[in-house]
Protein chains: 2
Amino acid sequence: VLAAALVEAVARSRFVILTGGLGPTEDDVTVAAAAQALGTPLYEDQGLLARIKRCLKERGIPWQARFARMALIPKGATLLDPGGMICGFTLNQGGARLFFLPGVPRQMRLLFDTYVFPALVEWSGPGQYLAERTLRVFGLPEAVLESLVHRFHPTPPGMTVGYYPNFPETHLTMTLHGQDREALEAAMADYIATLSHRLGEALISVSDAALEELVGQTLRERRLTLAVAESCTGGLIGHRLTEVPGSSDYFLGGVVGYSNQAKIDLLGVSAQTLEQHGAVSPETAAAMATGARLAFGADVALATTGIAGPTGGTPQKPVGTVYIGLATPGGQEVWHHCFPGSRGEVKTLTAQMALFRLHRALSHDPRLSGH
Amino acid sequence: VLAAALVEAVARSRFVILTGGLGPTEDDVTVAAAAQALGTPLYEDQGLLARIKRCLKERGIPWQARFARMALIPKGATLLDPGGMICGFTLNQGGARLFFLPGVPRQMRLLFDTYVFPALVEWSGPGQYLAERTLRVFGLPEAVLESLVHRFHPTPPGMTVGYYPNFPETHLTMTLHGQDREALEAAMADYIATLSHRLGEALISVSDAALEELVGQTLRERRLTLAVAESCTGGLIGHRLTEVPGSSDYFLGGVVGYSNQAKIDLLGVSAQTLEQHGAVSPETAAAMATGARLAFGADVALATTGIAGPTGGTPQKPVGTVYIGLATPGGQEVWHHCFPGSRGEVKTLTAQMALFRLHRALSHDPRLSGH
């Protein structure tokens, strides 16, 4: 099947990109299929073989004959070699250029960016330039986003706009291509400035940066510290914040106060508040945020409490009910939301909304202007 | 392009599955392409249109003409209707059956499982049965896994085995098909039993369950409670544990002790331990686990401390150095690891290894046999 598909692709295309099937196991058959389809014998690349042996040794994996398969490549092919154990290769066949890439996403992306994309750019000819930008939007469904975008006439000539639900965000991509790089970038920047004005705070980022990166940049610039008190998000906000390199500069830590006792013992929420208002209440969210701010000695603290489901809902507080608390030097604020979706989706939306609220507060609250 | 691909696919295939492009924005062109390719006019499904209007109203999104596009389907098509705002549709054309599915993964999967898979099963004829199982393995690269699997001769006749790196795990899928359902399932069960024996503890799960689910089941059955103290994982372990519905039955909460002061104040790690041994040390990992166990009054506590990178490494403790602590009624244990990869990968591997250590301890430690 693979060989037949490859023959067909080569007959009709200038570029053919294959991913996966380059590993050492018996279900990795891409190289054999290529040899069959292209009528090219395979040979063992001795340099690559030696490297594979060395890498395995470093990782403490005993050598086995099957690993030698990873050094087999078609005659005439050129290795695409990022320096590790996994290589791709490229070869020309009947007017087509073929790229064989590994299937593991991280490895595939590295080789794509290093070898395939430049080859496509070169093929597109000198002077051809592509300007591409992604805007991250939160809280506007794609159709609403499009209707806002379309109030601007005209989009720059030749611009392609795409709308992508990228849960929990909506992403807007814009591409322009032509020969005058400066003119393209200027048109793009102009258009983004107009859009920014119209989309307002729903526009999180014009640089493809995630909320946790934006919030982190601001906290670092202003020398502010942050703590979190998470109930329904279970640690997800801390996880997102700490994905950013250097986050220990401003993120002091958090309490996952999943049980009521933990909310009392570690966050100083009073038993009376929990009893009178419940663990999922604006009062508890505010007390958790304040408690985290004090416990960590942080400038700012975020708190979440809610019912992620699938059980635990009541008529008054259905599944998806969430309170987000923010404690700052100026006091506390609490927001109420009711999010749709599965347990995982409610957690994701809550973490996103909490970071979004913090991002907005950092933009507007003069008491968060920093030290 | 879409229309041409569709014509080609219909000419050569019994089933054609399309995903994406059914939404309300102007880049959603799949239905128009289908109409062009198949020469079929489109009509507006009034029932679906009314439902879309109702759904939008419930979500507080104002009606716009563009939403009407989502109710356009080719004449002769049958709606694939999961009851929400997003439907797919199916139609027959020149001997092929076409399925049009939404592109958002969650919606696509629902329609695939509900409509497409049963149609494929029906087409395969009466009495045809497919037995498929996925085993989750941790700590064995795919080639090592394959070599272990291949020591068993023979695999059941007709079994297909696939190996998939699914970071941080390796997944092994086995499929068997034939007419005798009971015989297939018996052969599968026999083979899995043999494999289980050989793979030992690297085999996490024979039921496609995640580590956090397995650990949670055991904790619930034994009425044990769990707390976590996370430094380098930043909340990821708590996040994984709380993805499981009902996890509040056994998970009391955690402390993300990102700063040294938080480790002292909230986890009772002594300043002396931090100064003498450093925040990334077996002593600190043990103290964090013990501190979390006490702070939450939990039966068991897991702790992580390490250098996720990309900076912060030293010759003695390079990036990727991680200590995992476990505190139980019987005392403490600490494991040292040095994980390769990016910041995110080190976090992922650390959280996985911590849950794996807990899973093993629950299997072996008689003091964790429960209340």
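Strand E12 of chain A and strand E12 of chain B, the latter spanning residues 251-257, run antiparallel and are joined by 5 bridges in this predicted model. Within this pairing, Gly253(A) has Gly257(B) as its bridge partner in E12(B).

The strand pairing belongs to a broader interface, in which 57 residues of chain A are in contact with 57 residues of chain B. The size of an interface is often given as the accessible area lost when the parts come together. For chain A and chain B, the area buried between them is about 4,200 Å², and 56% of that area lies on carbon and sulfur atoms.

Polar and charged groups also meet across this boundary. Between chain A and chain B there are 33 residue pairs in polar contact, counting pairs with both residues at pLDDT 80 or more. The elements of chain A that each supply at least two residues to the side touching chain B include helix H1 (2-12), helix H5 (142-149), strand E8 (160-166) and helix H12 (343-364), together with strand E12 (251-257). Of these contributions, that of E12(A) is the greatest, with 7 residues on the side of chain A that touches chain B. By residue class, that side of chain A divides into 24 nonpolar, 19 polar and 14 charged residues.

The interface of chain A and chain B also holds 8 salt bridges. One salt bridge links Lys347(A) with Glu243(B), and the closest N and O atoms of this pair are 2.8 Å apart.

Conventions:
Residues are numbered from 1 along each chain as its sequence is written. Chains are lettered from A and ligands numbered from 1 in the order in which they are written. This is a predicted model: local features need pLDDT of at least 70, side-chain atom pairs count only at pLDDT 80 or more; totals for chains, interfaces and linings use all residues. Side-chain values use heavy atoms; hydrogens and water are left out. Contact means heavy atoms within 4.5 Å. Buried area is the accessible area (1.4 Å probe) that two parts lose on being put together, summed over both. A salt bridge is a side-chain nitrogen of Lys or Arg within 4 Å of a carboxyl oxygen of Asp or Glu. A polar contact is a pair of N or O atoms within 3.5 Å; within protein, one must be able to donate a hydrogen and the other to accept it, and residues adjacent in sequence count only if both atoms are side-chain atoms. Helices (H or I, at least four residues) and strands (E, at least two) are DSSP runs, numbered from the N terminus. Ala, Val, Leu, Ile, Met, Phe, Trp, Tyr, Cys and Pro count as nonpolar, Asp, Glu, Lys and Arg as charged, and the others, Gly among them, as polar. Two strands pair if DSSP finds at least two bridges between them.
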